[in-house]
Amino acid sequence: MVNVRKRQFLQATAALAIMAALPRAVTARDYVKRDLRKRHNLLLITADDVDWSALGFMNGRRNLTPHLDALASQTHVFEQVRTVAPICMPSRQAFMSGKLPHRNGGNGFFPMHEGTPTLCTALSAEGYYCAASHKIGHMQPATSFPWDLKQEGKDRHPMVHADMLRLAITEAQAQYKPFFVNCNINDPHRPFYGSEDAEEIDHGQTGPYRIPRPLKPGQVPIPANLEDLPGIRTEMAQYWNSVQRLDIAVGNILKALKDSGAWDETIILFVSDHGMPMPFAKASVYDHGIRTPVLLRYPGMRKPQRFDALATNLDILPTLLDLLKVAQPEALDGQSWIPLMEGQQRPEPRFIMSYVDYVSSGWLYPSRTLQDRRYAFHFTAWADGKTRLKTESMWGLTFPAMAEAAEADARIAARVSQYVEGFPMALYDLQADPGQRVNLLEDPAHRAKADEMKRLMLAEMERTSDPQLENFRIVLAGGTPVLTQDPPRYRIRGGD
């Protein structure tokens, strides 16, 4: 594992001097033997907090994400993937392990169970050179992520990941190894492009940190989950500008891969960990928090297609290991997309579920959603009439703008209450109400659907030994859930 410090550099220099003095016969046996097996490489690119609605290949708006749009034209596009956890660390640990957060032990900002197999351990065991840039602390424990090269950081310089990729490929090729490189781009995480809080980290949006055509507040659409208010328009413009810089970073990464000569032998997968860091999105189970489109390209694939089957990001690990012909860990919660991509009959999941437990502050805000093609059923264990939601999605301009407008607008006041106080249970029609504003739980016309989804959620929670199972039973019986809070124990340790 390469993570160079000054002392290590001096030690390595001394060791090289000693090796140079040894006879040729002694050193020859230490040369890396060439692996003659024909094996594909893997490049996994992730975005931090990007919403599906900001991506050109999803929203139809051109010239904002040209590199991702160009990649999408060469890949399969999975339009209806949902993350199982709309929070950074639980999501990343889930799709890297193929296990639900409460089953791998990482249902908050803390490590999974020691010994949890991951994509990294599986490929390392197969002789792959494994490297990652950024979000290293969000993939734990270290034993589950034995990187040969790792580069932690939060820098949004558009070349930082491309430079790491070049180094990793050079190291892998020198050792006659296939590579697995995970580039974790920090954009469009807060603080957003052009905001006051981003001035220092983005060097005043100068030089390579600057995008060529920043959008203005009047040029951005407002998604269905938010209000059309001046403060929100300002922040959404900043957010979409951060997405533009994400796209520039992706373009640099793809160019580095092509320049290396490894393009034709490399599987490429792009995904976001979850949706936008705004109200009714990140750290909630609303649809703008959990929808995460996936791009997948691999050698020998059929003509690029767009798939709209329901899926979960837990499917990423089994799909990639299938493509790489590597044995899968036992008891995975996801399933491979290979049959779907090869045109075979693959029953679409009847529903998907997503989960929130601990947030970065260490507070326990348990919520669940069960979604089918049209409806979303929510269970919110913290909605006890006293608890108030407080997450990082309320930072910045958007939530304060909503709170201020709520003082004079009863409709917005009800929306703020819905977000901050929650409903113990709710049913939403995603087709008629994409912003999930109208709770249909008590609507007689939807009672049968609500009862069906309650039964499905209960059965799924029982099947996976969900830690909120007893609280759900309490709510179904008309009672009030019991939560034990211990923020100092569960809050994030450094970084965000």
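**Exercise 1.** In this predicted model, find which strands helix α15 lies across, and the angle it makes with β13.

*Solution.* Start with the helix: α15 covers residues 447-463. Now look at what sits against α15: the helix lies across β11, β12 (364-371), β13 and β14. Finally, compare directions, and you get about 60° between α15 and β13. While you're there, check out helix α16 (residues 469-476), which also packs on the sheet, touching β13 and β14. The direction of α16 makes about 100° with that of β13.

**Exercise 2.** Work out the strand order of this sheet, and say which strands are at the edges.

*Solution.* Strands of a sheet pair through backbone hydrogen bonds, either parallel or antiparallel. Here the pairing is antiparallel, and the four strands run in the order β11-β12-β13-β14, forming an open sheet. That leaves β11 (352-358) and β14 (425-429) as edge strands, each pairing on one side only. Next, zoom in on one pair: β13 (residues 375-380) and β14 are joined by five bridges. For a concrete example, Y375 has D429 in β14 as its bridge partner.

**Exercise 3.** Which residues touch the most other members of the largest nonpolar core, and which helix gives that core its largest share?

*Solution.* The core has 78 residues, and V181, M236, Y239 and L257 touch the most other members. Helix α9 (residues 230-260) supplies the largest share, 13 residues. Now pick M236 and list its contacts, skipping residues up to four places away in sequence: V220, P221, I222, P223, L226, M276 and M278. Lastly, don't miss another core lying apart from this one; it has 40 residues, including F145, W147, L323 and V326.

Notes
Residues are numbered from 1 along each chain as its sequence is written. This is a predicted model: local features need pLDDT of at least 70, side-chain atom pairs count only at pLDDT 80 or more; totals for chains, interfaces and linings use all residues. Side-chain values use heavy atoms; hydrogens and water are left out. A nonpolar core is a set of buried Ala, Val, Leu, Ile, Met, Phe, Trp, Tyr and Cys residues joined through side-chain atoms within 4.5 Å. Buried means under 20% relative accessible area, exposed over 50%, partly exposed in between (1.4 Å probe, protein chains only). Helices (H or I, at least four residues) and strands (E, at least two) are DSSP runs, numbered from the N terminus. Contact means heavy atoms within 4.5 Å. Two strands pair if DSSP finds at least two bridges between them. Axes are lines fitted to C-alpha atoms, for helices over the stretch in contact, and angles run from 0 to 180 degrees between N-to-C directions.
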